[in-house]
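Trainee: Could you take one part of this model and go through it slowly with me, explaining each term as it comes up?

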Amino acid sequence: MILNQGYLIKRKSSARHVESYTMRLVDATEINEVMDLQHKVYEGLPNKQVLYKDTKFEMLDDLNNGAMIIGVYNSEERLISYRYISFPGYSKKNLGKDIHLDISELDKVVHLETTLVSPDYRGNRLQSLTLAKAIELIEPLDMKHLICTVSPYNLFSLYNIMSAGLNIKALKRKYASEDLDGMWRFILHKDMSKSFSVEHSELKMLKMDRIFEQRELIDKGYVGYNLIRDSQMIQYSLSQ
Ligand SMILES: CC(C)(COP(=O)(O)OP(=O)(O)OC[C@H]1O[C@@H](n2cnc3c(N)ncnc32)[C@H](O)[C@@H]1OP(=O)(O)O)[C@@H](O)C(=O)NCCC(=O)NCCS
């Protein structure tokens, strides 16, 4: 089923040309193309800390449990971007636990997992377009909480996700394993059943990579609600 169609700009060196795209759900049988794009994007990252690579096994397992991968295909039917969303239910990886959601709310959590755009196609707002489509797809499913992790060193992703109304509720090390110490991640959250309002008398600002100062603020009950892209400053407020 086609979810969306339109035009985008492909940039290669100094050349730019307009190309058509199609957005559709990626089938489990097409998982290798997803892995190939993840590999290509990861290899091109100047800071590898910003992307935690999903394994094929994890993604297939999630797909069997209702997860969806929204794919964007170029005019040659090649995958150029995807957004992966999952429904963690009561599993231990539910990020609702990191932001102290009530246990009764955990089955209403949607995880916004990995989003990637192939370097030649960046700047077409595909991260935001696929997020809007994801929200449309989950609308009939009676979900309440959108939650994701973003690296404090990932300006573009953080800006896009905060512009969509997700707020910073925690900052901690995630994805630790025997050979990995874990990586710093903001945990961002949007309660789709209510709007967030700022306590104007209690505003603070910190640069997005100031880990320990931000952790102190969050521990005091502050929530990061806006990122100023040029200065990389995050505005925090006490939540009401
Ligand atoms: C984060 C990401 C998905 C955003 O891609 P996107 O939707 O194409 O970004 P936008 O269209 O919002 O880009 C806005 C601007 O930032 C620029 N930009 C976006 N990502 C950039 C990057 N990684 N490096 C440098 N500039 C980037 C765009 O060129 C555009 O510039 P312009 O305003 O001058 O045209 C993409 O950068 C990416 O795939 N990054 C690597 C993987 C990653 O970090 N994923 C998120 C964590 S799962």
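**Around the ligand**

Mentor: The ligand is surrounded by 20 residues (each with a heavy atom within 4 Å of it), and the closest of them are Thr 115, Val 117, Arg 125, Gln 127 and Asn 154. Keep in mind that this is a predicted model, in which local features need pLDDT of at least 70 and side-chain atom pairs count only at pLDDT 80 or more, while totals for chains, interfaces and linings use all residues. Residues are numbered from 1 along each chain as its sequence is written, and side-chain values use heavy atoms, with hydrogens and water left out.

Three elements, namely strand S5 (109–117), helix H3 (126–138) and helix H4 (155–163), each supply at least two residues of this shell, and S5 gives the most, with 4 residues. (Helices are DSSP runs of at least four residues, strands of at least two.)

Several N or O atoms of the protein face oxygen atoms of the ligand at polar-contact distance (N or O atoms within 3.5 Å). A backbone N or O atom of Gln 127 lies 2.9 Å from a ligand oxygen, a polar side-chain atom of Arg 11 is 3.2 Å from one, and a backbone N or O atom of Leu 126 is 3.3 Å from one. Taken alone, the ligand exposes 890 Å², of which the protein buries 75% (areas by Shrake-Rupley with a 1.4 Å probe).

Strand S5 also begins just where a loop ends, for Lys 93 belongs to the loop between strand S4 (79–86) and S5. Lys 93 touches Asp 62 and His 111, leaving aside residues up to four places away in sequence (touching means heavy atoms within 4.5 Å). The C-alpha atoms of Lys 93 and His 111 are separated by 9.8 Å, although the two residues are 18 residues apart along the chain. Lys 93 counts as partly exposed because its relative accessibility is 41%, and the bounds are under 20% for buried and over 50% for exposed.

For a buried counterpart, turn to Arg 24, which lies in strand S2 (residues 15–25) and counts as buried because its relative accessibility is 18%. The side chains of Arg 24 and Glu 77 are joined by a polar contact of 3.5 Å. Beyond residues up to four places away in sequence, Arg 24 touches several others, among them Met 1, Ile 2, Leu 3, Glu 30 and Tyr 73, as well as Glu 77 itself.

Key. Buried < 20%, exposed > 50% of the residue type's maximum accessible area, 1.4 Å probe, protein only. Polar contact = N/O pair within 3.5 Å; in protein donor to acceptor, adjacent residues only side chain to side chain.
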